[in-house]
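Visitor: Please take a close look at one part of this model: the paired charges and the strands and loops around them. I would like each class defined before it is used.

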Amino acid sequence: MPCERKPMRYGHSEGHTEVCFDDTGKYIVTCGNDGDVRIWEGLDDDDPRFITVGEKAYSLALKNGKLVTASSNNTVQIHTFPDGDPDGILTRFTTHATHVTFNSNGSKVAAGSSDFMVKVVEVLDSSQQKTLRGHEAPVLSVSFDPKDEFLASSSCDGSVVVWNIKEQTQVVSWPLLQKTNDVSNAKSLCRLAFQPAVGKVLAVPVETKVHLYGRGSWDHVGTLSDDLLAQPVNVLSWSPCGRLLAAGSVGGLLTVWDVSTKLCLERQKHEKGFTICSLAWNPSGSQIAYTDTEGCLGLLDGISSSSTGKAPVSKPATDYDALFDDDDDRLMDEGLSDTSSPGKKPVVARDDGDDDDDFLVPSTGRVRKRGAFLDDENSLDTGSLKLGQDRFGDDDGAGSTMAPEAAPSVPLRPVYEGPMPTPPQKAFQPGSTPAHLTHRFMMWNSVGIVRGYNDEQDNAIDVEFHDTAVHHAMHLTNSLGHTMADLSQEAVLLACPGTEELASKLQCLHFSSWDTNKEWLVDLPNGEDVKALCLGQGWAAVATSALTLRLFSIGGLQRELFSLPGPVVCMSGHGEQLLIVYHRATGFDGEQALGVQLLQLSHKKRQLISGEPLPLSRRSYLSWLGFTAEGTPCYVDSDGVVRMLNRSLGNTWTPVCNTRETCKSKSDHYWVVGVHENPQQLRCIPCKGSRYPPTLPRPAVAILPFKLPLCQTTTEKGQMEEQFWRSILFHNHHSFLSSSGYEVDEESRSQSQKEQQELLMKMFALSCKLDREFRCVELADLMTQNAVTLAIRYASRSRRLALAQRLSQIALEKSNQVQEDEAEEQEEEQDYSSVRQTSGFGQTGPTAARFRQTEAEEELGEDEEEEGGETEEATEPRKRSNPFAKEPGSPVRPSPTPVSKAGRANPFKVAGSGKTTSSSGQPRVTNILDNMTSSRKSATLSGPAGRQNKPPVLKPLAPRAKSKNQSTLFQMTGTKTTHQKTQENPEPAADQQKQADVPPPTSPAENAENKRPKTGFQLWLEENRKSILADNPDLDESDVIKEAMGQFRTLTADERLSWTERAKGQTGEVAEMKKRKRTEGGVENEGTEDDENNAKKKNLDAASKLSAFAFSKD
């Protein structure tokens, strides 16, 4: 193949330049950075015609007298050829098109753009367009399948995609290229090309090689390479016959391969070494025109495609070794230039036998590539390589490069047809942009921003804090080449990879240190590189390539280290928690098999999650990992799904948001920088047409709402269900923080409980309207005792007495559960208080004791005590607003009437064995209806208004004994009512008479003594009060209680439980004695105290009458 390289000539101004031939091969057409299209009648044409298409021309294609160009005005234009008359605009993009090409018959044009889209347009009717969406970065090149069924495209997102044009879907996608954010920053234009005519092969330039993929199966069937190719291949072009493939590289090397034999037939070097940015074969197959990035035009002349096929025809190979015998080499060399290709020897030099270098470097310069044909890993791994005579042999010189279908194929090894393994995701830092960018975010979190700059002018790191009170901004010289960073309230942690000479280094700037040495540096062992790092409260963690995790103190002290189960993907730290994600296995079919570990690095170190699989969306990968501001682990995958740890459901992961639902375009994404549970906010940066934001201008942070993916969220029922379960999930952190020794915002906890109970009541009301009574019972199971009481009232007003009776059973069960769990709750509260004392957070022991004793004496906070049976994990405050109070902002004031919170009990509470249970055994049960009207009870329960607002008739399931001072809306009193009830049931009637006769308490102390049974602590305090006063005679009453509470906590759990049981036993005896005494002396007590409590008895009578009416059979 004698070839002559013609001298290059000036064509356009400096910049990207493209070239093509017309259909006859008479004209060479070029376009360039000056916006002109020039038509050359030959390389020596000094006065070419030109057409101005815009300020810049990025690409052109010519077929059937139609010239298509992509210009800087974001359009794809069409002109007549060779006249150059405008013939309209084919299509438009939001940014400029990067590459255009015709199909085989010239009826369609494909164009790729910087706005990530690929369009296929009919030439005769531009309204017939198909848009292919799916790339996540600017498109580099496009190529038509000769049969117009498929279209291949490459993109800056690193992928090469084959599309089905008709269905506008992706057929296959290969992650072959290095990712970048713009065409100008791409290492290669990756101008892929389908083989013309038969189109059985797609050629893709990948680094310094060309990968060949079979059409239809899309298997990797071969690789073309050359030892002299040291720079990435930039462009490809097939010869018209489809047998030869020409490639131009970034380093200026022109290479021509015979695809059937994979032999390099020709090499030509650019005379100045500039990048080859376009190639075009003359239709005759004898010339190759090429352009470079300086705007110059060149030509290779004298290429003969017919002579290149002589070797296989004259000596057909029976096996692969026969393709490389001496005779073959000699025949191949006969048609090669002796001097024009570097690295070649003259043909006669081989026959001398005197040159010892002939064996190492024969005239073809191919000695290394003989073995490459059999040893190429990429081609053999697929198990489907059938090159040479099987797949690319000549067909009687007819120009076809494929063997006849009937030709037998003998595979080299068994073919694997199962699912293909997924390339493992590389390690990354959450909150950082890709490391290959010159200007990038090394870290963006809730503390601040770390930016990295690595260009010709500067290599530095800037640290900026959101709150300048933490620390002022810093500018650091990146002399070590750090590529990873993390930022906390205490320090900046940096790391760089190792080299052959230098070890990987870890550097920490401890700016919160109180001494003068605020920086420390650690060298990792040789061969061990930092893959991920993170900071916590007082510690730093580093995961290395040796599958080791190393812990350091914030001051530089080496701490624990342990081995990881697999290669790390990323890590995150928050307070005392360390979250690690790693590869637990090899994924298949595009899936990543990731595992997660969650460790707590407090004084009592423990592993909360040990190697559980990390759920991801289908065919996605992990894109962000971190903690909420409240300390709950969460992560985001590449499909935009945000998942958060649900500690209350066995440490499972719940999807809480899908950022893709708010994206306007498929190419848009949200880059997450932080998550908050209270308020519920997802803080992220919208990225238009990219997965990550630019450093300049500074991107704005947007806030997205959370939404659980429940069913039918457009309906009222679905919306309330979503709100309820989201509220449950996003307030689980209260329990975790309490157990970890942190202070909890009680107002926020109370507000969340109020919201949840309100949502349950709304769903209860909706279910009642829909006659879903079974569903109402299910909702009542989720309610607190107070809410169930409110539900009973609602059901009664709705005339659903059967439902009300079932709800009363639920109220009874909840009351029993609260009573049974009382001792256990006391023990848990003591344990949590001890944790808070040790960690230095929250209330101290005496303070908690004061709160508990205050509750015991003043009988406040009963509602919270009851609800604590379900969610309480820390000491409750004395007062909290009732979740269903009509005036939630105002505190609950004690009522002047005898209806006090101290003695309230479940109105439906009865003993299982038939024994009447005294209300003194239920200190934590309250009636929420009284709380709701406590501030206005006198006005409500007296006069005509009280009679008008009486509740509907609600008959209890079974009678029960009332306590001495109990008075609720369900009480019964009065002589007439008492006599009627006595006939039916003597025991409740006697009890009701006692309630009417007993006067209200006169002091809080008496309330505590008479209405509330003694707890184990009170009993213990009575017996030990004298000894405490003897040891501390100066203590007042409140200090005595504090001291006693502290001593009571030092008892063992069994001892405390025994005191509680003793208190319960005494309570039953005392209650029985008081009943007998009240029966004998009720009249006398009434006479002696009647004058003192005259006004209060009026209110009591009104309430009693209303209650009696409520329970009347009539």
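Guide: A residue counts as buried under 20% relative accessible area, exposed over 50% and partly exposed in between, with a 1.4 Å probe and protein chains only as cover. The model is predicted, so local features need pLDDT of at least 70 and side-chain atom pairs pLDDT of 80 or more, while totals for chains, interfaces and linings use all residues. Residues are numbered from 1 along each chain as its sequence is written, and side-chain values use heavy atoms, without hydrogens or water.

Side chains of opposite charge can pair when their charged atoms come close. The structure holds 27 salt bridges, each a side-chain nitrogen of Lys or Arg within 4 Å of a carboxyl oxygen of Asp or Glu. In one of them, E464 meets R451 at 3.0 Å, N to O. This pair links distant parts of the chain, 13 residues apart, with E464 in strand β31 (459-465) and R451 in strand β30 (448-454). Strands are DSSP runs of E, at least two residues, numbered from the N terminus. E464 is partly exposed because its relative accessibility is 24%, whereas R451, at 9%, is buried.

A second pair joins R550 and E528, whose closest N and O atoms are 3.1 Å apart. Here a strand residue meets a loop residue: R550 is in β39 (548-553), and E528 is between β36 (519-523) and β37 (530-535), 22 residues apart. R550 and E528 are both buried.

In a third pair, D668 and K688 have their closest N and O atoms 3.6 Å apart. Both are loop residues, 20 residues apart: D668 follows β48 (652-658) and precedes β49, and K688 lies between β50 and β51. The burial of the two partners contrasts: D668 has 8% relative accessible area and therefore counts as buried, while K688, at 69%, counts as exposed. Elsewhere, D34, D36 and R38 are linked in a network of salt bridges.

The loop that holds K688, between β50 and β51, also holds P697, and β51 covers 702-704. The peptide bond from L696 to P697 is cis, with omega near -10 degrees. A cis bond also joins N678 and P679, with omega of about 5 degrees. P679 is in the loop between β49 (669-676) and β50 (681-687). Most peptide bonds are trans, and most residues other than glycine have a negative phi.

Two residues other than glycine depart from that sign. F116 has a phi of about 80 degrees and sits in the loop between β11 (108-113) and β12 (118-122). W218 has a phi near 60 degrees and sits in the loop between β20 (209-214) and β21 (220-224). F116 counts as buried because its relative accessibility is 6%, and W218 does so at 8%.

For a contrast with the charged pairs, consider F588, in the loop between β42 (577-583) and β43 (594-600). F588 is partly exposed because its relative accessibility is 40%. With Y416 and M420, F588 forms a nonpolar surface patch of about 330 Å² of accessible area together.

Key:
Patches are made of residues with over 30% relative accessible area and no salt bridge: like charges are joined within 9 Å, nonpolar side chains (Val, Leu, Ile, Met, Phe, Trp, Tyr) within 5 Å. Accessible areas come from the Shrake-Rupley method with a 1.4 Å probe; for residues, only the protein chains shown count as cover. Helices (H or I, at least four residues) and strands (E, at least two) are DSSP runs, numbered from the N terminus.
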